Amino acid sequence: MTSSSSAHGVPDSTPHGVEVLGEADIARAMTRISYEIVERNKGVSDLVVLGIPTRGVFLARRLAARLAAIDPSCDPDAILGVLDVTMYRDDLRHQPPRTIGYTQPPAVGIDGKTVVLVDDVLFSGRTIRAALDAVKDLGRPQAVQLATLVDRGHRQLPIRPDYVGKNLPTSLAERVSVRLVEHDSLDGVYISGGAQ
Amino acid sequence: MTHYVIRNVAPYGEERCDLLLRDGLIAEIGKPFSLDGEQAVEIDASTLLALPGLVDLHTHLREPGREDAETIRSGTRAAALGGFTSVFAMANTTPVQDTAGVVEQVARIGQEAGWVDVHPVGAVSVGLEGKQLAELGAMAQSAAQVRVFSDDGKCVDDPVLMRRALEYVKAFDGVVAQHAQEPRLTQESQMNEGVVSAEIGLAGWPAVAEESIIARDVLLAEHVGSRVHVLHVSTAGSVEIVRWAKSRGIAVTAEVTPHHLSLTDEEARSYNPIFKVNPPLRTQADVDAVRAGLADGTIDVVGTDHAPHPVEDKECEWAAAAFGMTGLETALPIVHSTMVLSGLMSWRDVARVMSQVPAHIARIDSGPYAQGRPLAVGEPANVVLYDPHGTVTVDAKTQATMSANSPFDGHVLPGRVVATFLRGRATVLDGVPQDRQVSGTTAVAGGVS
Amino acid sequence: MKHLLSTRDLSLEQAVTILDTTARMAATQEREMKKLPTLRGRTVVNLFFEDSTRTRISFETAAKRLSADVINFSAKGSSVSKGESLKDTALTLKAMGADAVVVRHHASGAANFLAQPGLVDVPVINAGDGTHQHPTQALLDAFTIRRHLADPLNPACGGPLPPFDSGLGTDLAGRRIAIVGDVLHSRVARSNVALLATLGAQVTLVAPPTLVPVGVETWPCEVSYDFTRTLRTWQPDAVMMLRVQRERMSASGGGFFPSPAEYSRQYGLDAQRLGLLPDHAIVLHPGPMNRGLEISAQAADSDRSVIVEQVGNGVAVRMAVLYLLLASDQVAGSSSTLS
């Protein structure tokens with residue numbers, strides 16, 4: 001999920017603000033995370049990857065492909081899933097009605113698997129809290145891990161990522177935007193707003 | 001008795017002059033005159049017009065029986081505020097006004113209230129049940145001297161009973177006022193049958209249910225040589241039938257209500273039962289037709305069909321709500337806006353359809369208590385002063401009627417009744433009702449001896 | 001987002017949003033764990049003045065699957081003229097802290113009455129009012145039709161059911177739907193005509209003239225008195241049979257048709273008429289069916305029949321409506337409001 005808190009609304013100088021990660025940076029980060037996942041889990045067997053809409057889904061697909069490249073016995077389509085957390089959110093009352101996305105458990109299921117949740121930006125942790133509830137309703141995994149492209153801090157819940165593409169210290173007034181070619185026609189992470 | 005000199009007023013909205021009301025009569029009309037030391041209250045009427053006191057052939061005063069909706073006192077006070085000097089109290093009370101005793105009681109209470117002359121309407125059939133003629137002769141000969149008979153609220157649908165009633169009242173020059181509603185075609189009906197009813201799913205009330213009865217009744221009246229009066233004509237077809245009947249020389253008269261001159265069935269889309277009325281509000285084409293009919297004389301009179309209901313009978317789902325709307329206090333402004341401002345009628349025409357002809361139909365237009373007389377020297381001083389340039393924002397809750405079911409609540413209506421005089425006594429001055437200081441000393445309702 | 005009183009109030013965008021949300025809800029109901037936490041702590045009151053076990057259970061299931069508390073308030077038997085008024089019932093519900101009221105009532109406009117400001121002041125969902133509207137029924141019908149007809153190449157009949165998100169984001173442009181039976185007294189027909197027209201479908205009403213309302217000429221549909229001819233020449237993609245109440249032929253309000261046998265011959269969906277349908281066409285019925293009157297057993301049980309599926313979709317569509325009306329306290333812009 002793209003996180004946002006541009007309370008002060010300083011206009012962007014570029015369409016997305018200042019670039020903090022480029023296309024190559026993102027690719028390197030995803031590759032590194034995939035190796036960390038393999039190392040930590042001692043292989044790819046019993047791993048599934050669940051992307052959180054919108055951009056977490058594309059990142060999850062990239063991760064699954066990299067995992068399959070590391071271990072050719074792994075079918076990237078079979079371990080990839082989509083987890084929409086809208087109906088598990090705790091802030092529904094205070095926002096305009098949200099469109100519900102689709103949830104697609106991986107073909108191999110999640111019971112007894114190690115689930116790697118994938119999101120683009122980790123911020124308050126509330127999305128991940130909702131995701132943990134949603135996972136619980138889909139089945140009973142052996143373990144749940146969390147991968148994020150950007151961790152911008154300001155956690156409101158005791159949640160920490162297992163795999164991070166880049167730690168990005170931000171102020172609450174700043175906005176972090178992730179752009180992925182599958183959705184936005186280019187790859188990049190941008191920061192905008194805040195006191196400059 | 002206080003005398004009034006009304007300065008610079010426009011009778012019938014025409015040339016301005018002064019009017020002197022003395023001893024219950026219009027004593028003088030003419031150029032500004034001096035009073036020669038006579039004691040009189042002077043009223044500056046230089047922005048006002050004068051009309052003869054209005055006569056409503058169609059009022060539901062609800063007493064006896066439904067004093068939670070209206071009493072004779074509250075309803076007649078509302079009538080005075082609306083510019084009326086005479087109202088006809090419909091027979092559908094509890095007990096029904098179907099005996100000499102009940103009609104005399106209504107007349108007596110009306111007389112004691114003193115706001116307007118109250119003429120009870122007698123029921124055509126016992127208990128309004130449409131089976132057996134009520135004692136029409138006894139009511140006619142009673143102190144109330146009933147001349148108008150109606151089962152209003154219900155149709156005299158039995159053709160034989162209708163024929164007998166039409167014939168019987170000839171003996172005392174009475175008239176049967178028919179509520180034209182074919183009952184089988186209107187079982188459970190809720191609103192005009194048409195585009196709107198189809199859409200919003202309320203049971204339809206076809207125009208033909210009204211028109212078929214009117215057609216039958218004018219033919220019956222022709223056959224037996226009687227007069228017949230058609231209440232609250234609401235459809236274009238009804239106007240056509242009455243027009244045809246008049247062209248044949250049939251003694252038919254017809255009434256339209258202010259709400260059928262102004263509102264359509266589109267109002268039902270809100271499901272607000274304030275707009276639930278019998279007969280139902282019809283289409284714009286029907287509204288145009290009844291206006292044209294009133295303007296060309298096909299429709300003879302405007303009657304309010306003032307039908308007060310307590311809040312709980314209107315604050316509910318449409319099907320459960322009562323039929324009817326109040327109208328005494330808004331009738332003249334509605335006729336003003338729909339007929340005069342539209343250029344269809346003059347103020348003299350208004351006097352004709354709201355005073356002169358209704359009084360004539362009911363045969364109360366002669367004698368010392370005559371109503372509906374012209375504004376002329378020597379006539380009873382039944383006068384309403386009306387400010388055609390004023391406006392009133394209708395607030396149903398503060399109206400004089402006890403009930404709040406005005407369909408015009410919140411509307412800004414043109415014109416304002418400023419004063420009403422009943423045989424020279426002011427019942428309303430400056431738009432404020434004038435309670436009688438001493439009761440029982442003034443002239444009494446027509447016919448009660 | 002305030003109330004769901006009539007399908008006439010829905011824009012195309014709103015209607016498609018509800019159908020898409022229904023698809024998501026339906027998918028969750030395939031899981032072992034069907035309950036979602038979305039409306040935890042909310043209270044939905046089912047206010048039923050008419051007996052309708054199926055509709056009440058459907059709403060109750062929908063609310064419970066979303067973790068809302070459900071209070072069933074059955075007011076059947078309390079007559080209109082006696083007992084508690086609808087207004088007092090409404091004020092009682094408000095005092096109980098209802099967050100939404102689902103109302104079924106024999107009077108047209110009853111839901112509109114409850115929705116007026118100052119009464120319950122929470123979302124009102126019309127679960128059928130007199131002969132006016134039954135919007136969730138129309139929505140579930142439209143959802144069922146979209147699911148089956150989204151891919152015209154997919155012969156839906158007999159094969160596996162299409163996925164719930166078949167047709168996601170789309171309307172029903174160009175689809176031909178025949179609605180057959182007692183249109184005059186049918187809130188289902190009124191709701192469907194309006195919704196299907198909004199969704200771009202072509203609708204033909206098929207009924208004896210006595211069961212077509214005066215004033216139908218302004219409706220966005222055609223009217224046919226000849227069922228066989230409509231099937232043969234118009235080739236509808238879906239046929240929706242309406243329930244015919246046997247008492248309609250009794251004489252109290254004038255018999256609307258001479259006999260059940262004659263009705264069945266002229267307007268019933270039997271095996272022969274079923275055979276006139278194009279291969280992909282489906283058959284719907286809002287239930288409960290009068291087998292042998294408006295629909296024969298062969299038609300009801302055929303591969304084309306989606307009648308049982310409609311029931312399941314009913315829960316999903318009611319979940320969607322409850323979600324869209326209740327989940328957020330904020331009234332959104334026009335794009336996602338219902339009315």
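Which strands of chain B does helix H2 (residues 100-113) lie across, and at about what angle does it run to S8(B)? I began my notes with this point, keeping in mind that the model is a predicted one.

**Entry 1: the sheet and helix in chain B**

I found that helix H2 of chain B lies across S7 and S8 of that chain, and that it runs at about 170° to S8(B). I then looked up the sheet to which these strands belong, and it is an open one of three strands in the order S6-S7-S8 (chain B), with parallel pairing. Strand S6 (54-59) and strand S8 (117-120) of chain B are the edge strands, each pairing on one side only, and the twist from one strand to the next averages 20°. For the pair formed by S6(B) and strand S7 (residues 84-89) of chain B, I noted four bridges and a parallel run; within that pair, B:Asp56 has B:Val87 in S7(B) as its bridge partner.

**Entry 2: chain B as a whole**

I next took the overall figures for chain B, whose secondary structure comes to 11 helices and 19 strands. Its C-alpha atoms fill a box of roughly 70 × 45 × 45 Å along the principal axes. The radius of gyration of chain B is 21 Å, which agrees with the value near 22 Å that a compact globule of 449 residues would have. Of those 449 residues, 59% count as buried. I also looked at how the contacts of chain B are distributed along the sequence: among those with a separation of 6 or more, 75% are between residues 24 or more positions apart.

**Entry 3: which chains touch**

Which of the two pairs of chains that touch has the most contacts? I find that it is the pair of chains B and C, where 18 residues of chain B are in contact with 23 residues of chain C. On the side of chain B that touches chain C, helix H5 (residues 195-200) of chain B gives the most, with four residues, and the residues of that side divide into nine nonpolar, five polar and four charged.

For the contact between chains C and A, I recorded 17 residues from chain C and 14 residues from chain A. Helix H1 (residues 12-28) of chain C gives the most to the side of chain C that touches chain A, namely three residues, and by class this side has eight nonpolar, five polar and four charged residues. Chains A and B, by contrast, are joined by no contact, and their closest C-alpha atoms lie 28 Å apart.

**Entry 4: the sheet in chain C**

In chain C I looked up an open sheet of five strands, which follow the order S7-S6-S5-S8-S9 and pair in parallel. Strand S7 (222-224) and strand S9 (282-284) of chain C stand at its edges with a single partner strand each, so one side of each is left without a neighbour in the sheet. The twist averages 20° from one strand to the next.

I then went through several of the pairings. Strand S6 (residues 202-206) of chain C pairs with S7(C) in the parallel sense over three bridges, and C:Val206 stands opposite C:Ser224 in S7(C). Strand S5 (residues 176-180) of chain C is joined to S8(C) by four bridges, again running parallel, with C:Met241 in S8(C) as the bridge partner of C:Val180. S8(C) in turn pairs with S9(C) in the parallel sense over three bridges, and there C:Ala238 has C:Ile282 as its bridge partner.

Are the residues of strand S8 (residues 238-241) of chain C buried or exposed? I see C:Ala238 and C:Met240 pointing one way and C:Val239 and C:Met241 the other way, and all are buried.

**Entry 5: a helix and a residue in chain C**

Helix H5 (residues 135-149) of chain C has 15 residues and reaches 21 Å from its first C-alpha to its last, close to the 21 Å expected at 1.5 Å a residue. I noted that 15 of the 15 residues of H5(C) are buried, so this helix is largely enclosed by the rest of the structure.

Lastly I looked at C:Ala111, which has its place in helix H4 (residues 110-115) of chain C. Why does C:Ala111 count as buried? The reason is that C:Ala111 has 30 C-beta neighbours inside 10 Å, where 20 or more are required. Leaving aside neighbours within four places in sequence, C:Ala111 is in contact with C:Leu5, C:Val103, C:His105, C:Val124, C:Asn126 and C:Asp129. For C:Asp129, which is 18 residues apart from C:Ala111 along the chain, I noted a C-alpha separation of 6.7 Å.

How values were computed:
Residues are numbered from 1 along each chain as its sequence is written. Chains are lettered from A and ligands numbered from 1 in the order in which they are written. This is a predicted model: local features need pLDDT of at least 70, side-chain atom pairs count only at pLDDT 80 or more; totals for chains, interfaces and linings use all residues. Two residues are in contact if their C-beta atoms, placed from the backbone, lie within 7 Å. Helices (H or I, at least four residues) and strands (E, at least two) are DSSP runs, numbered from the N terminus. Ala, Val, Leu, Ile, Met, Phe, Trp, Tyr, Cys and Pro count as nonpolar, Asp, Glu, Lys and Arg as charged, and the others, Gly among them, as polar. Two strands pair if DSSP finds at least two bridges between them. Axes are lines fitted to C-alpha atoms, for helices over the stretch in contact, and angles run from 0 to 180 degrees between N-to-C directions. A residue is buried if 20 or more other C-beta atoms lie within 10 Å of its own, exposed if 12 or fewer, and partly exposed in between; C-beta atoms are placed from the backbone. The expected span of a helix is 1.5 Å times one less than its number of residues. The radius of gyration is taken over C-alpha atoms; the globule rule is 2.2 Å times the number of residues to the power 0.38.
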